[in-house]
Amino acid sequence: MDGISILYPLLAHVLLVISLYILLVIRKSKAIKAKAVDFNKTALNNKAWPEDVVQVSNNLDNQFESPLVFYGLCIITVLVGAVNSFAIGLSVIYVVFRYIHAYVHVGTNYVPHRLRAFALSLFVLLLLLIQTSVHITMAA
């Protein structure tokens, strides 16, 4: 199995982050055009933007929390030769849950659905950690 294949889901997550930045620019532009922005407040406080902008900004913050662990774990999985179909599948599922989480967060922002997607992504991340750890232990 090609060890680099696990990086495709990682790149798919990078695409999500870039997409969220584009959405943030669009929402900020609309808020500015609607004159719904006090520049004195927003210059120092991201929470001073309209709610739909804050939703995207908050979700972007989330993309630099557990996903950084995911990035590191993917790289470790490649470095120790633990890439297999199971690890790739887990990586794909993790990223799918991150997309679902982002979709809910910047859309309806219904917390129970958002929490479920977040919790499931963490569970999948834990499984990937266990799979990689077992491989390292078996190789030692």
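Me: How much area does the protein expose, and what share do carbon and sulfur atoms supply?
Reply: About 8200 Å² is exposed, and carbon and sulfur atoms supply 70% of that. Bear in mind that this is a predicted model.

Me: What does the secondary structure come to?
Reply: Six helices and zero strands. Along the sequence the pattern reads α-α-α-α-α-α.

Me: What box do the C-alpha atoms fill?
Reply: Roughly 60 × 25 × 20 Å, taken along the principal axes.

Me: And what percentage of the residues is buried?
Reply: 37% of the 140 residues.

Me: Contacts next. For those with a separation of 6 or more, what share comes from residues 24 or more positions apart?
Reply: 78% of them.

Me: On to the inside. Which residues touch the most other members in the largest nonpolar core?
Reply: Ile6, Phe70, Tyr94 and Leu128 do, in a core of 16 residues. Helices α4, α5 and α6 each give two or more residues to this core. The largest share, six residues, comes from α5.

Me: What is Ile6 in contact with, leaving aside neighbours within four places in sequence?
Reply: Cys74, Thr77, Val78, Val83, Ala87, Ile88, Ser91 and Leu128. Leu128 is another of the residues that touch the most other core members.

Me: Which residues are in the other core?
Reply: That core lies apart from the largest one and has 13 residues, among them Leu24, Val54, Val56 and Ala102.

Me: Back to Phe70. How many aromatic pairs does the structure hold?
Reply: Two. In one, Phe70 and Tyr71 are tilted, at 6.3 Å centre to centre with 55° between the planes. Both of these residues are buried. The other joins Phe70 and Tyr94, with ring centres 4.5 Å apart.

Me: Why is the Phe70 and Tyr94 pair called stacked?
Reply: The planes of Phe70 and Tyr94 are at 25°, and planes under 30 degrees apart count as stacked.

Me: Where do Phe70 and Tyr94 lie along the chain?
Reply: Phe70 is in helix α4 (residues 66–79) and Tyr94 is in helix α5 (residues 85–106). They are 24 residues apart, so the pair links distant parts of the chain. Together with Tyr71, they form one aromatic cluster.

Me: Is Tyr94 buried or exposed?
Reply: Buried, with a relative accessible area of 1%. Phe70 is buried too, at 0%.

Me: Staying in α5, what does His101 touch beyond four places in sequence?
Reply: His101 touches Asn59, Asn62, Gln63, Arg114, Ala117 and Phe118. It sits in helix α5. With 3% relative accessibility, His101 is buried.

Me: There's another histidine. Where does His113 lie?
Reply: In helix α6 (residues 111–139). His113 is partly exposed, at 41% relative accessible area.

Me: How far is the His113 C-alpha from that of Leu126?
Reply: They are separated by 20 Å, with the two positions 13 residues apart along the chain counted as their spacing.

Me: Now the surface. Which residues form a nonpolar patch there?
Reply: Tyr8, Leu11, Val14, Ile18, Ile22 and Ile26. Their accessible area together is about 570 Å². Take Val14: it lies in helix α1 (residues 7–33).

Me: Why does Val14 count as partly exposed?
Reply: Its relative accessibility is 31%, and partly exposed runs between the buried cut-off of 20% and the exposed one of 50%.

Me: Switching to loops. Which residue between α1 and α2 should I look at?
Reply: Lys35 lies in that loop. Its phi is near 55°, a positive value in a residue other than glycine. Most residues other than glycine have a negative phi. Lys35 is exposed, at 74% relative accessibility.

Me: What about Asn109, where is that found?
Reply: In the loop between α5 and α6. Asn109 has a positive phi of about 55° although it is not a glycine. It is partly exposed, at 25% relative accessibility.

Me: Last one. What does Thr42 touch, not counting residues up to four places away?
Reply: Val37, Ala48 and Trp49. Thr42 is in helix α2 (residues 39–42). It counts as buried, at 8% relative accessibility.

Methods:
Residues are numbered from 1 along each chain as its sequence is written. This is a predicted model: local features need pLDDT of at least 70, side-chain atom pairs count only at pLDDT 80 or more; totals for chains, interfaces and linings use all residues. Side-chain values use heavy atoms; hydrogens and water are left out. Patches are made of residues with over 30% relative accessible area and no salt bridge: like charges are joined within 9 Å, nonpolar side chains (Val, Leu, Ile, Met, Phe, Trp, Tyr) within 5 Å. Accessible areas come from the Shrake-Rupley method with a 1.4 Å probe; for residues, only the protein chains shown count as cover. A salt bridge is a side-chain nitrogen of Lys or Arg within 4 Å of a carboxyl oxygen of Asp or Glu. Helices (H or I, at least four residues) and strands (E, at least two) are DSSP runs, numbered from the N terminus. Buried means under 20% relative accessible area, exposed over 50%, partly exposed in between (1.4 Å probe, protein chains only). Rings of Phe, Tyr and Trp (its six-membered ring) pair if their centres lie within 6.5 Å; planes under 30 degrees apart count as stacked, over 60 as edge-to-face and the rest as tilted. Contact means heavy atoms within 4.5 Å. A nonpolar core is a set of buried Ala, Val, Leu, Ile, Met, Phe, Trp, Tyr and Cys residues joined through side-chain atoms within 4.5 Å.
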